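Reader: I am new to this structure and would like a close look at a single part of it. Please take the empty space inside, and then set it in its surroundings.

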Amino acid sequence: MAEHHENWLDLRSDTVTRPSAAMRAAMNAAEVGDDVYGDDPTVNRLQEYAADLFGYEDALFAPSGTQSNLLALLVHCGRGDEYLVGQEAHTYKYEGGGAAVLGSIQPQPIINQPDGSIALDDIAAYIKPDDFHFARTRLLALENTIGGRVLSLDTTGAATKLAHDKGLATHLDGARLCNAAVKLGVSPREALAGFDSASICLSKGLGAPVGSILCGTRPLIKEARRWRKMLGGGMRQAGMIAAGGLYALEHNIGRLADDHANAAYFAGELAKMKNIKVSTPQTNIFYVDIPAFVCQGLNDVLQLTRIRVSMAPRLRIVTHMDATRDDIDRAITVFGDFFG
């Protein structure tokens, strides 16, 4: 059971979870060594377990999803190359332009379809000809889930096949890949079929305090390890945090279904209220459209009742292991009292 923090309900993200007592115990008991030398046994165990779980030859533990995505982009693309990416994708929109700033890699953003996918015709159209006027298109980067939406196996399979047929590599920002796999009713490795590399976040719905995993071939991970050192991601006795990630992968994937059920319940109750419009969640994320003029008042009420959100006219709500059904019932009551 995860700890509650001063009885606040935090709905901003699933990154806000705190390690459970069992996870803390595993972290406290972790055997450690110097991971830069490859000597941390717990980090090594995490990487081996993740590679097997996700269906890759090798894996690398990184401090953040931003870094593990950047490592993949730096390995797949050289200076002056480009990657194709959705306009709404995290690697393009929310990671500080790292690929361009640190890798001299040009992003080619493409509009996402309403279901979060990128149309195959658009992918094909944005692949540049072999002509020195153009950046060299090297990589297709997708995201699953994206804004809480799940890409189907047919969708990812068709996109990765097209990319490979055109000579491109493929990368998945799978920050919430385990949510997608649970929703699709498939194993994580099935959900990753067709991707040459994948980044999986351990510190979102899986509940670990820190870290992400990059998966790929042994040569890809060897090169990524070199880039990780250059980016300052080489950690020493990292087994103490790797143990939290290992515990998360071993124990917390199946329970993501609870977060999905809580999101569906929460959204369903909010949809009954006046003056707001609620999206239908596929996983643990949904959106509530609120009149702009009531945002400040609602935020004040939520603060008074110890509920945290990132207030906006399009309000994102994220359920997670620290948000119980009782917590959600409390939030529903507060929203109901406000909107009448």
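Author: A cavity here is a set of grid points where a 1.4 Å probe fits but cannot get out, and its volume is the space filled by probe spheres set on those points. Rolling a probe the size of a water molecule over the atoms shows where empty space is left. The model is predicted, and in it two cavities reach 30 Å³ or more. For the largest cavity the volume comes to about 50 Å³.

The lining of this largest cavity includes the run Ala175, Arg176, Leu177, Cys178 and Asn179. Cys201 also lines the cavity, as do Lys204, Gly205 and Leu206. Leu256 completes the list of lining residues.

The wider setting is a chain divided into two parts, with domain 1 spanning 21-251 and domain 2 spanning 255-339. Thirteen residues of domain 1 and twelve residues of domain 2 make up the contact between them. Taken over C-alpha atoms, the centres of domain 1 and domain 2 are 29 Å apart.

Between domain 1 and domain 2 an area of about 1100 Å² is buried, and carbon and sulfur atoms give 57% of this area. On the side of domain 1 that touches domain 2, four residues are nonpolar, six are polar and three are charged. Zero salt bridges are found across the interface of domain 1 and domain 2. Polar contact, in turn, joins three residue pairs between domain 1 and domain 2, with both residues at pLDDT 80 or more.

Note on methods:
Residues are numbered from 1 along each chain as its sequence is written. This is a predicted model: local features need pLDDT of at least 70, side-chain atom pairs count only at pLDDT 80 or more; totals for chains, interfaces and linings use all residues. Side-chain values use heavy atoms; hydrogens and water are left out. Domain bounds come from an automatic or database domain assignment. Contact means heavy atoms within 4.5 Å. Buried area is the accessible area (1.4 Å probe) that two parts lose on being put together, summed over both. A salt bridge is a side-chain nitrogen of Lys or Arg within 4 Å of a carboxyl oxygen of Asp or Glu. A polar contact is a pair of N or O atoms within 3.5 Å; within protein, one must be able to donate a hydrogen and the other to accept it, and residues adjacent in sequence count only if both atoms are side-chain atoms. Ala, Val, Leu, Ile, Met, Phe, Trp, Tyr, Cys and Pro count as nonpolar, Asp, Glu, Lys and Arg as charged, and the others, Gly among them, as polar. On a 1 Å grid over the protein atoms alone, a cavity is a set of points where a 1.4 Å probe fits but cannot get out, and a pocket is an open set with protein on both sides within 12 Å along at least five of seven lines; lining residues have an atom within 4 Å of a point.
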